[in-house]
Amino acid sequence: MAASVGAANTGVLKEPKVQMQSFHGLKAVNLVPLSNNVGLCTPRLLSVSSSSYPSVIRAVSTPVKPETPSEAKRSKVEIFKEQSNFIRYPLNEELLTEAPNINEAATQLIKFHGSYQQYNRDERGTRSYSFMLRTKNPCGKVSKELYLAMDDLADQFGIGTLRLTTRQTFQLHGILKQNLKTVMSTIIRNMGSTLGACGDLNRNVLAPAAPLVRKDYLFAQETADNIAALLTPQSGFYYDMWVDGEQIMTSEPPEVVKARNDNSHGTNFPDSPEPIYGTQFLPRKFKIAVTVPTDNSVDLFTNDIGVAVVTDADGEPQGFNIYVGGGMGRTHRVETTFPRLAEPLGYVPKEDILYAVKAIVVTQRENGRRDDRRYSRMKYLISSWGIEKFRSVVEQYYGKKFEPVRELPEWQFKSYLGWHEQGDGSLFCGLHVNNGRIGGIMKKTLREIIEKYNLNVRLTPNQNIILCDIRRSWRRPITTALAQAGLLHPRYVDPLNITAMACPALPLCPLAITEAERGIPDILKRVRAVFEKVGLSYSESIVIRVTGCPNGCARPYMAELGLVGDGPNSYQIWLGGTPNQTSIARCFMNKAKVQDLEKVFEPLFYHWKHKRQSKESFGDFATRVGFEKLQEMVDKWEGPVQAPARYNLKLFADKETYEAMDSLAKLQNKNAHQLAMEVIRNYVAAQQNGKSE
């Protein structure tokens with residue numbers, strides 16, 4: 001029998017500690033098994049017809065053991081989870097040792113608690129270990145109390161900076177093992193959490209950060225909060241570890257409790273402390289975003305599940321379009337790994353959203369691969385099965401058929417920078433933070449403003465911060481204080497910087513191959529210089545994102561120009577994303593050395609300026625022209641074409657005068673235009689001198 005056996009519609013199954021199997025198709029009583037190839041990611045991305053899937057299934061966390069003498073392979077992390085007593089052991093013991101680091105199993109488990117073990121890769125010799133902590137803030141909501149606590153913790157136990165992430169959370173870097181419990185417990189007691197910010201479970205749920213008092217925005221944010229609550233672990237391991245099991249008072253809407261406990265379609269483990277996750281949790285990380293029509297500030301299609309509110313003509317929310325199968329991570333030189341956009345699954349009425357999301361999560365829990373973590377994300381399951389089959393399986397757990405998705409208006413990227421009306425008489429102010437790094441005078445000033453005016457804040461998916469609930473009379477003093485700290489109105493920020501993002505990368509990320517956060521300021525300056533060289537105006541911009549490795553934390557595969565680290569001081573160049581983040585880029589070039597980027601940028605930007613269609617973005621231009629032609633532009637580039645000298649015949653009364661002037665000019669190694677202008681300048685100067693005398 002497999003580990004983490006789920007519940008069927010009849011009877012109650014307990015959850016014995018036995019071994020899991022990797023996905024080889026479902027096999028249950030009286031059901032026809034699927035092919036062993038189903039769910040395995042192959043170069044051809046095998047698709048299986050939905051007609052092969054049985055109409056009734058039992059919920060199992062993994063299929064029963066195949067009738068073969070050899071045991072199916074599963075990843076090491078699956079074994080760690082199975083033996084952990086719900087993400088406790090051996091982390092609880094490792095935290096008590098004198099060593100500055102923790103062992104391999106504990107390193108995997110602490111991710112579920114919201115932390116990664118790191119070391120400073122700039123230093124040579126003995127590794128100086130520390131931990132990164134990531135908070136979990138659905139919708140990016142941060143209370144004043146939590147912000148001030150995080151600000152203090154950064155100074156007392158971290159490296160003195162706060163890092164805003166691309167998933168609307170904080171990261172604290174440089175926490176020593178001996179201080180982990182103090183930092184974690186402080187966050188918890190200030191109504192924050194790091195539970196599930198990392199690990200094989202649902203991560204932070206995104207929603208538009210704008211504190212707009214509008215029905216659709218409020219409903220989207222409420223839905224994101226409810227989904228986050230639904231998929232929060234229930235077994236208490238987090239509080240056991242960091243606050244000695246103390247019960248932290250929280251409240252959940254009754255609809256969340258009802259949806260979590262509902263097992264009418266065999267989704268739950270009835271006798272497990274983790275009714276949705278079981279002992280094994282999910283095969284890999286899981287990401288969800290919720291938004292409203294037109295607002296793609298959340299990069300909706302990069303998520304495992306994207307949820308879009310659908311309203312009636314009066315703006316009253318009616319239901320949701322659901323999109324599935326997005327994800328950014330890939331592995332260099334492994335072509336069977338790839339970034340992918342989410343695609344439409346269907347529409348559900350608003351009262352069903354929690355049940356639909358749960359059904360999707362359970363489908364991934366049951367069928368996602370657990371043998372090779374490179375292929376464990378839900379995007380590979382959908383790519384293998386096809387959307388029709390995937391929809392059919394989800395509907396078994398949902399208990400209903402999905403309706404066709406509703407038509408929505410075109411998506412737009414919205415930054416919410418600058419000053420805006422909230423809709424309740426107050427204002428909010430969105431602040432651009434380069435790469436999300438808050439430190440120095442900026443950090444000091446933000447703390448003073450938040451503390452003085454008692455402001456709550458929101459974190460955006462673009463690594464920026466929003467100050468909320470500002471009275472009109474406070475606008476001027478706040479604007480002055482922000483400007484003195486370098487937090488300028490967006491009209492004073494280079495447009496290239498407004499949409500740019502980078503992951504932290506070196507020196508602390510163990511996966512980084514090259515620079516990202518530390519490298520992007522210079523890269524943006526160089527891009528701006530190329531813009532000027534080829535004649536592009538200051539107001540023009542493109543979406544640039546940089547990551548130090550192919551995992552894609554800053555979502556580079558959605559950028560118009562994505563730089564993905566593929567070696568020391570070397571990047572892959574990805575082209576073809578769009579400003580509204582609805583198209584995925586493709587790899588244009590490998591191993592572009594950082595010192596040689598202008599050799600690629602100049603011809604591409606020059607030809608974009610001169611050959612684009614009306615209002616055509618750089619990403620759309622790259623897609624329309626095609627990579628073969630773009631490569632030819634780069635290969636044949638010899639610099640911007642110098643316009644031939646053109647003689648302004650308006651300077652001359654007739655052709656004969658021009659020819660006479662041209663003959664005189666040649667005697668002085670000049671052309672007719674140069675000589676004529678010289679004569680005119682001398683004449684004007686003489687006239688001015690005459691007047692002055």
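Here is a chat between a visitor and a guide about this predicted model.

Visitor: Before we zoom in, what share of the 693 residues is buried?
Guide: The protein chain holds 20 helices and 19 strands. Among its contacts with a separation of 6 or more, 69% link residues 24 or more positions apart. As for burial in the 693 residues, the share is 58%.

Visitor: Which strands stand at the edges of the open sheet of 5 strands?
Guide: The order in that sheet is β15-β16-β17-β18-β19, and the pairing is mixed. An edge strand has a single partner, so one side of it has no neighbour in the sheet. That description fits β15 (501-502) and β19 (586-593).

Visitor: Sticking with β19, which residue there is the bridge partner of L575?
Guide: Strand β18 covers residues 570-575 and pairs with β19 over 5 bridges. The sense of that pairing is antiparallel. For L575, the partner in β19 is R586.

Visitor: And what angle does helix α16 make with β19?
Guide: Helix α16 spans residues 597-611 and packs on the sheet. There it touches β17 (561-567), β18 and β19. Its direction and that of β19 make an angle of about 140°.

Visitor: Let's go to β8: how many of its 8 residues are buried?
Guide: Strand β8 runs over residues 317-324 and has pairings with two strands listed here: β7 (residues 305-311) through 7 bridges, and β9 (residues 343-349) through 6 bridges. Both pairings are antiparallel. The strand is mostly covered, and the buried count is 7.

Visitor: Which residue of β8 does A308 stand opposite, and which residue of β9 is the bridge partner of Y323?
Guide: On the β7 side, A308 faces N321 of β8. On the β9 side, the bridge partner of Y323 is P344.

Visitor: Which residue takes a positive phi in the hairpin of β7 and β8?
Guide: That hairpin has 5 residues between the strands. One residue there has phi near 80°, and it is G315.

Visitor: Where is V298, and is it buried or exposed?
Guide: V298 is in the loop between β6 (288-291) and β7. Beyond its neighbours within four places in sequence, V298 is in contact with residues including L206, A207, P208 and P461. C139 is 159 residues away in sequence, yet the C-alpha to C-alpha distance is 9.7 Å. The cut-off for burial is under 20% relative accessible area, and V298 has 0%, so V298 counts as buried.

Visitor: Now for empty space: what volume does the largest cavity have?
Guide: The structure has 3 cavities of 30 Å³ or more. Residues lining the largest one include A209, S297, F413, K414 and P461. By class that lining has 5 nonpolar, 5 polar and 1 charged residues. The volume is about 60 Å³.

Visitor: Finally, which residues are closest to the centre of the second largest pocket?
Guide: This pocket has a volume of about 1,100 Å³. Its lining divides into 15 nonpolar, 12 polar and 6 charged residues, and β3 (141-142), α6 (215-230) and α7 (237-242) each supply at least two residues of it. Of the 33 lining residues, those closest to the centre are S193, T232, Y239, T250 and S251.

Conventions:
Residues are numbered from 1 along each chain as its sequence is written. This is a predicted model: local features need pLDDT of at least 70, side-chain atom pairs count only at pLDDT 80 or more; totals for chains, interfaces and linings use all residues. Side-chain values use heavy atoms; hydrogens and water are left out. Two strands pair if DSSP finds at least two bridges between them. Helices (H or I, at least four residues) and strands (E, at least two) are DSSP runs, numbered from the N terminus. Contact means heavy atoms within 4.5 Å. Axes are lines fitted to C-alpha atoms, for helices over the stretch in contact, and angles run from 0 to 180 degrees between N-to-C directions. Buried means under 20% relative accessible area, exposed over 50%, partly exposed in between (1.4 Å probe, protein chains only). On a 1 Å grid over the protein atoms alone, a cavity is a set of points where a 1.4 Å probe fits but cannot get out, and a pocket is an open set with protein on both sides within 12 Å along at least five of seven lines; lining residues have an atom within 4 Å of a point. Grid points are joined across faces, edges and corners, and a volume is the space filled by probe spheres set on the points. Ala, Val, Leu, Ile, Met, Phe, Trp, Tyr, Cys and Pro count as nonpolar, Asp, Glu, Lys and Arg as charged, and the others, Gly among them, as polar.
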